[in-house]
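Here is a set of exercises with worked solutions to try with the model in view. Take them one at a time, and look at the picture before you read on.

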Amino acid sequence: MVAGIPFIGATALGAAGVAASQGRLSLTLVVVAATAGGEVGGLIGYAVGNRWGRVLLERPGRHQAGRQRMVEKGERAYARYGRLAVFFTPAIVSGTAKMQHGEFVVWNLVASLAFAISVAASSYGIGRLVTGHLSWHDVLTLVVGFGVGALVMVWFVRHRRRAAERRAPS
């Protein structure tokens with residue numbers, strides 16, 4: 001994530017992964033830098049949400065009702081998914097929802113690492129394979145990248161099913 005802007009960050013991380021596949025950067029350093037950037041950006045977003053999130057969302061104005069519904073949805077997401085919500089919502093939402101800071105720090109780091117490995121390793125592997133490198137290491141790196149992304153999604157889906165089963169009337 002670059003400056004808290006996820007799509008730009010994902011694009012930059014993908015490009016860095018491809019650059020690493022061509023020997024221009026170290027894949028390990030790309031993952032470490034992206035993880036650190038995700039953690040720092042997340043902490044900034046959390047702090048903004050914790051300090052000003054509610055004030056901004058609850059202020060009077062033309063779209064106050066829509067903002068209130070957004071707050072309610074965010075609170076439901078955190079009540080329903082807990083730590084897993086950190087993987088799928090902006091950090092500012094974690095702060096606004098008043099997630100415990102220590103818990104956020106840990107789960108934001110895990111989410112940042114998973115994102116960095118998934119995107120960087122996948123783009124590295126694709127970059128290597130597209131340029132004709134078919135070593136076991138290149139294929140394994142691609143599989144690890146896709147695998148980490150898939151594991152996060154499986155974890156999310158399993159958590160949703162378990163939550164639905166707990167809510168279902170017996």
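**Exercise 1. One helix, two sides**

Which residues of helix 3 are buried?

*Solution.* Before we start, note that this is a predicted model, where local features need pLDDT of at least 70, side-chain atom pairs count only at pLDDT 80 or more, and totals for chains, interfaces and linings use all residues. Residues are numbered from 1 along each chain as its sequence is written, and side-chain values use heavy atoms, with hydrogens and water left out.

Step 1: Settle the terms. Helices (H or I, at least four residues) and strands (E, at least two) are DSSP runs, numbered from the N terminus. Buried means under 20% relative accessible area, exposed over 50%, and partly exposed in between (1.4 Å probe, protein chains only).

Step 2: List the residues. The buried ones in helix 3 are Arg 67, Val 71, Gly 74, Ala 77, Tyr 78 and Tyr 81.

Step 3: See where they point. These residues cover an arc of only 125° around the axis, so they sit on the same side of helix 3. The arc is that of the directions from the helix axis to the C-beta atoms.

Step 4: Recall the general rule. An α-helix has 3.6 residues a turn, so residues three or four places apart point the same way.

Step 5: Turn to the other side of helix 3, where Arg 69, Lys 73, Arg 76 and Ala 79 are exposed.

**Exercise 2. Checking helix spans**

Compare the spans of helix 3 and helix 6 with the spans expected for them.

*Solution.* Step 1: Use the rule that the expected span is 1.5 Å times one less than the number of residues.

Step 2: Helix 3 (residues 64–81) has 18 residues and should span 26 Å; its end C-alpha atoms are 25 Å apart, which agrees.

Step 3: Helix 6 (residues 101–130) has 30 residues, and its first and last C-alpha atoms are 42 Å apart, close to the expected 44 Å.

Step 4: Look just past the ends. Gly 82, just after helix 3, takes a positive phi of about 55°. Gly 132, which follows helix 6, also has a positive phi, near 90°.

**Exercise 3. A buried serine and a buried valine**

Which residues does Ser 94 contact, leaving aside neighbours within four places in sequence?

*Solution.* Step 1: Place the residue. Ser 94 is in helix 5 (residues 91–96), and it counts as buried because its relative accessibility is 1%.

Step 2: Find its partners, where contact means heavy atoms within 4.5 Å. With those neighbours left aside, Ser 94 contacts Tyr 46, Tyr 78, Val 86, Thr 89, Met 99 and Phe 104.

Step 3: Follow one partner. Val 86 lies in helix 4 (residues 85–88) and is buried, at 6% relative accessibility.

Step 4: Outside its own neighbours within four places, Val 86 contacts Tyr 78, Ser 94, Met 99, Phe 104, Trp 107, Asn 108 and Ala 111. Val 86 and Ala 111 are 25 residues apart along the chain, with their C-alpha atoms separated by 7.1 Å.

**Exercise 4. A glycine in helix 7**

Is Gly 145 buried or exposed?

*Solution.* Step 1: Find Gly 145 in helix 7 (residues 136–167).

Step 2: Its relative accessibility is 0%, so Gly 145 counts as buried.

Step 3: Beyond four places in sequence, Gly 145 touches Ile 117, Ser 118, Ala 121 and Ser 122. Ile 117 is 28 residues away in sequence, and the two C-alpha atoms are 5.9 Å apart.

**Exercise 5. A positive phi without glycine**

Where is Lys 98 placed?

*Solution.* Step 1: Lys 98 is in the loop between helix 5 and helix 6.

Step 2: Check the backbone. Lys 98 has a positive phi of about 60° although it is not a glycine.

Step 3: Check the cover. At 46% relative accessible area, Lys 98 is partly exposed.

**Exercise 6. The whole chain**

How many helices and strands are in the chain?

*Solution.* Step 1: There are 7 helices and 0 strands.

Step 2: Of the 170 residues, 35% count as buried.

Step 3: Among contacts with a separation of 6 or more, 63% come from residues 24 or more positions apart.

Step 4: Picture the extent: the C-alpha atoms fill a box of roughly 55 × 45 × 30 Å, taken along the principal axes.
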